[in-house]
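Colleague: I would like a close look at a single strand in this model. Please go through its surroundings step by step.

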Amino acid sequence: MDKFGTSFQSVEGPTDGPNLKNARLVGVYIGANWSVPCQRFTPSLIEFYNKINEDIQQFEIIYLGMDENEEKYKEIVSDMPWLFYDFKEFIKYQVYYEYKKHIQGIPCLLILNPNNGQVITNQGRGTIEKEGQGAFEKWLTQMSFK
């Protein structure tokens with residue numbers, strides 16, 4: 001999915017996102033350090049992500065941080081096991097504007113078809129909160145109908 005670029009950050013440092021290329025599903029997580037709902041949801045998403053990828057990496061997330069302060073941004077991404085952009089990376093704004101019509105507030109977890117970038121659902125957060133690990137299979141089923 002070239003629309004996301006090839007230059008990401010991870011907790012280990014700069015990366016070209018090798019897991020993105022082989023993911024069965026891709027999540028775009030829009031959040032911010034100042035958002036209390038994000039502070040509550042992020043630990044659940046980390047747990048979900050780690051559990052889904054426990055045996056084999058099949059789900060990748062790209063974080064689009066809406067923080068205006070670089071220090072706060074670095075603070076929130078320091079615990080995230082998935083990809084994120086450098087604080088000043090322009091492409092994150094391009095990605096945000098491409099999917100803006102699907103974002104109804106933060107935190108928002110868009111689930112995308114990795115083959116074409118089409119949005120499967122903009123209710124990723126709610127699905128995880130309601131269905132837990134079953135959300136992943138639900139999204140795969142939804143993808144087959146789109």
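Modeller: What follows takes strand E3 and its surroundings. This is a predicted model, in which local features need pLDDT of at least 70 and side-chain atom pairs count only at pLDDT 80 or more, while totals for chains, interfaces and linings use all residues. Residues are numbered from 1 along each chain as its sequence is written, and side-chain values use heavy atoms, with hydrogens and water left out.

Strand E3 covers residues 25–31; strands (E, at least two residues) and helices (H or I, at least four) are DSSP runs, numbered from the N terminus. Of its 7 residues, 7 are buried, so E3 is largely enclosed by the rest of the structure. Buried means under 20% relative accessible area, exposed over 50%, and partly exposed in between, with a 1.4 Å probe and protein chains only. In a regular strand the side chains alternate between the two faces of the sheet. Here Leu25, Gly27, Tyr29 and Gly31 point one way, Val26, Val28 and Ile30 point the other way, and all are buried.

E3 pairs with strand E4 (residues 59–65) in the parallel sense, over 7 bridges; two strands pair if DSSP finds at least two bridges between them. Opposite Val28 in E4 stands Ile62. Between E3 and E4 the chain passes through helix H2 (residues 36–52), and this β-α-β crossover is right-handed. That term means that, with the strands pointing away from the viewer, the path from the first strand over the helix to the second runs clockwise.

E3 also pairs with strand E6 (residues 108–112), in the antiparallel sense and over 5 bridges. There the bridge partner of Val28 is Leu110.

Tyr29 also belongs to the largest nonpolar core, which has 48 residues; Tyr29, Phe59 and Trp139 have the most contacts inside this core. A nonpolar core is a set of buried Ala, Val, Leu, Ile, Met, Phe, Trp, Tyr and Cys residues joined through side-chain atoms within 4.5 Å. H2 gives the most to this core, with 7 residues. Leaving aside neighbours within four places in sequence, Phe59 is in contact (heavy atoms within 4.5 Å) with residues including Leu25, Val26 and Gly27, as well as Phe48, Tyr49 and Trp139.

For the setting, the protein chain has 6 helices and 7 strands, and buried residues make up 48% of its 146 residues.
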